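Biologist: I'd like a close look at one part of this model, with enough of the surroundings to place it. Please take your time and walk me through how the pieces fit together.

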Amino acid sequence: MPFIELSNVTKTFLAGDEKYDALKGVSLGINSGEFVAVMGPSGSGKSTLLSLVGGLSKASSGVVAIDSIDLGVLGPNRLSDFRREYLGFVFQSFYLVPYLTALENVMLPLTIQPGMNGTARGMARDALSRVGLDAKAGRLPCQLSGGEQERVAIARAIVNKPALILADEPTGNLDTKTGNRVLEMLEGLHAEGRTIVMVTHSRENAERAKRIIEIRDGEVVI
Amino acid sequence: MKLIDISLNNLLRKKGRTFFLVSGLAIGIGAAVAMTSVGDAMNREFMHALDEYGANIFILPASEGLPLSYGGLTVSAVNTGGRELAMDDIDRIRTIKNKQNISTIAPKLLVQTEVKGEKILIAGVDFTAEQRLKKWWRVKAGMSPRGNEGALIGNDTARLLHLAPGDSITLDRGMLYVSGVLDNTGSQDDGLIFADIKWLQQHFHRGNAVSLIELSALCSGCPIEDMVAQLNSTLPGARAVAVKETVELKMQAMHYFHKFSIGLSALLLIVAGLIIFFAMTASVKERVHEIGLFRAIGFRTGHIIQVLLAEAFVVSLLAGLVGYFIGIISPRFFAPHLMSAYNLTFALDPILAVRALASSVLVGLAASVYPAVRAGRLDPVEALKTL
């Protein structure tokens with residue numbers, strides 16, 4: 001059974017009085033340990049797909065299951081728990097908390113994890129070391145470059161050792177060289193056995209993944 | 001790192017916003033504390049003044065005889081030789097348990113006589129005590145008596161007998177001189193002649209006798225009934241009576257003052273609460289991405305509410321402390337200038353401090369609940385916008 005499974009999933013949005021389907025009857029499976037790129041033009045539904053897989057929104061119809069857990073039956077708090085245990089997010093805009101240091105930003109997912117007394121700081125330092133930023137642990141986000149902020153975001157995404165990493169246009173705000181470094185990190189995480197789903201509109205970035213899923217007008221074409 | 005660390009970090013890094021929030025609530029708390037302090041001080045001063053403004057206990061002989069009215073009370077056996085009070089009773093009054101609550105003791109000897117063919121009541125008084133008791137007395141013509149042969153004439157009596165300052169009053173036992181005429185009081189005093197009590201006792205051969213004693217007690221500190229009981233116990237053969245209307249008037253005045261103070265303080269706290277509410281609502285809007293991130297990484301609704309309410313708690317606690325000190329220090333500066341007519345004294349009140357802190361925290365948290373709950377329920381996709 002695939003680690004991530006979407007069965008005939010539709011997501012409908014309301015725009016005023018009109019409805020439109022961001023995803024139309026999408027069915028796909030992603031196995032554990034795969035590095036998959038979801039590619040498509042703007043408005044194709046790729047970000048919507050990511051939000052469904054990440055449990056941030058619910059499908060209008062169909063089933064979204066991660067590790068055999070049907071996300072559609074979970075309430076808001078259970079979904080939060082699910083995200084905390086299974087997922088790490090990397091956003092295009094980094095979304096670092098501006099008043100927390102790099103170390104504190106990385107520690108965030110562990111703040112609400114039970115049984116983390118005394119170990120959270122060490123785990124966060126390890127994650128920052130992985131991305132080469134342990135020397136800048138005490139810096140605020142405004143004191144870091146764009147590439148460094150994205151690396152802190154990656155460190156935050158992996159600190160709780162999630163099984164699944166979801167990256168939404170992780171190189172979107174970065175220059176080519178820095179973007180390459182970020183993609184190399186994702187490849188490194190994949191090599192450790194993590195499942196990675198990366199949304200991108202760049203063919204070049206998509207080809208760094210092992211499989212590409214193309215979406216157009218809410219439907220999977222490849 | 002705990003959730004409270006997120007709250008504290010936000011407050012510490014956004015010093016301007018924190019200062020604004022603390023100031024807004026502190027000013028409200030400070031104004032409420034100042035209002036309460038000034039209200040309490042004014043209340044004490046007011047009650048002290050009220051307590052000294054007229055008698056609230058009458059001491060009468062407990063004997064039977066011809067009724068004679070004074071101030072609506074029946075004064076017994078004025079001229080029929082019944083048991084009367086004596087000047088020595090004044091010393092005994094000063095030995096009661098609550099003697100420190102006695103403000104003024106004003107003895108009176110009431111003598112009925114004839115002046116210019118009219119039946120007149122002469123009240124022998126201790127003019128110093130009497131004028132302290134009856135602060136509403138105004139001498140409209142002449143002056144207060146200096147020697148013990150001087151007399152003050154009530155307004156109606158002066159008109160009836162055509163008396164003016166400098167006139168002499170021939171009595172069958174002696175002669176008095178009109179020292180002054182009282183302005184209209186609207187009371188029985190308008191129909192009396194007031195003379196020195198010792199002169200009256202001597203000229204009417206009344207020895208040490210006193211018809212009644214008016215007492216002004218400071219009833220803020222003890223129930224008037226206790227003092228009445230003590231007086232009755234100390235003076236057997238006398239009857240001490242509380243003037244209930246006076247007491248109730250004083251208690252009513254105190255009650256209204258208190259209600260006004262509470263009402264205004266509550267209004268100030270509501271305004272402060274509104275400041276916090278709008279500031280927290282604006283803060284949630286400003287931090288919508290941050291809240292979306294918290295939800296994305298696994299924060300439950302309750303965690304987000306905790307973070308925001310913890311911020312509100314810290315701000316409120318600080319504001320309560322700052323506000324309390326503003327509230328107790330500022331009256332000491334402005335009261336002597338703005339309220340120079342009152343002799344206000346202020347005391348440190350630990351209970352007021354606790355109330356200020358508790359009110360501040362309550363107002364801050366109550367004003368933050370709605371924005372915090374709304375933040376906790378934000379749609380993470382909407383909040384993050386990129387997904």
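Modeller: Of the 387 residues in chain B, 40% count as buried. Keep in mind that this is a predicted model. Before the close-up, here's the setting. Chain B has twelve helices and 14 strands. Of the contacts in chain B with a separation of 6 or more, 81% are between residues 24 or more positions apart.

One strand pair in chain B is a handy warm-up. Strand 1 of chain B, residues 57-61, runs antiparallel to strand 14 of chain B, and five bridges join the two. One of the pairings puts P61(B) with A238(B) as its bridge partner in strand 14 of chain B. In a regular strand, side chains alternate between the two faces of the sheet. For strand 14 of chain B, residues 238-242, the covered face has A238(B), A240(B) and A242(B), while R239(B) and V241(B) are on the uncovered one. So A238(B), the partner of P61(B), belongs to the covered face.

Where chain B meets chain A, the contact takes 23 residues from chain B and 27 residues from chain A. On the chain B side, helix 1 (3-13), helix 9 (288-296), helix 10 (301-338) and helix 12 (380-384) each supply at least two residues. Helix 9 of chain B gives the largest share of that side, five residues. By type, the chain B side divides into ten nonpolar, seven polar and six charged residues.

Now over to chain A for the part I'd zoom in on: a sheet, and then some helix packing. The sheet is open, has six strands in the order 6-7-8-3-9-10, and its pairing is mixed. Strand 6 (87-90) and strand 10 (219-220) of chain A are the edges, each pairing on one side only. Further in, strand 3 (residues 35-39) and strand 9 (residues 211-216) of chain A run parallel and are joined by four bridges. Within that pair, V38(A) stands opposite I213(A) of strand 9 of chain A. Helix 1 of chain A, residues 46-53, packs on this sheet and touches strand 3, strand 7 (164-168), strand 8 (195-200) and strand 9 of chain A. The direction of that helix makes about 150° with that of strand 8 of chain A.

Helix 3 of chain A is the one to stare at, with two neighbours to compare. Take helix 4 of chain A (residues 120-130): its axis comes within 9 Å of that of helix 3 of chain A (residues 102-111), and the two cross at roughly 120°. Helix 3 and helix 4 of chain A are therefore oblique to each other, and their crossing is right-handed. From helix 3 of chain A, A102(A), L103(A), V106(A), M107(A) and L110(A) meet residues of helix 4 of chain A including A120(A), R121(A), M123(A) and L128(A). Ten residues of this contact are nonpolar, none is polar and two are charged.

The other neighbour is helix 5 of chain A, residues 146-158, whose axis comes within 7 Å of that of helix 3 of chain A, with a crossing of roughly 30°. That makes helix 3 of chain A roughly parallel to helix 5 of chain A. This crossing is right-handed as well. A102(A), N105(A), V106(A), L108(A) and P109(A) of helix 3 of chain A make the contact with V152(A), A155(A) and R156(A) of helix 5 of chain A. Here the count is six nonpolar, one polar and one charged. Look for A102(A) and V106(A) on screen: they take part in the contact with helix 4 of chain A and also in the one with helix 5 of chain A.

Conventions. Residues are numbered from 1 along each chain as its sequence is written. Chains are lettered from A and ligands numbered from 1 in the order in which they are written. This is a predicted model: local features need pLDDT of at least 70, side-chain atom pairs count only at pLDDT 80 or more; totals for chains, interfaces and linings use all residues. Two residues are in contact if their C-beta atoms, placed from the backbone, lie within 7 Å. Ala, Val, Leu, Ile, Met, Phe, Trp, Tyr, Cys and Pro count as nonpolar, Asp, Glu, Lys and Arg as charged, and the others, Gly among them, as polar. A residue is buried if 20 or more other C-beta atoms lie within 10 Å of its own, exposed if 12 or fewer, and partly exposed in between; C-beta atoms are placed from the backbone. Two strands pair if DSSP finds at least two bridges between them. Axes are lines fitted to C-alpha atoms, for helices over the stretch in contact, and angles run from 0 to 180 degrees between N-to-C directions. Angles under 35 degrees count as roughly parallel, over 145 as roughly antiparallel, 65 to 115 as roughly perpendicular and the rest as oblique. A crossing is left-handed if the near helix is turned anticlockwise from the far one by less than a right angle, and right-handed if clockwise.
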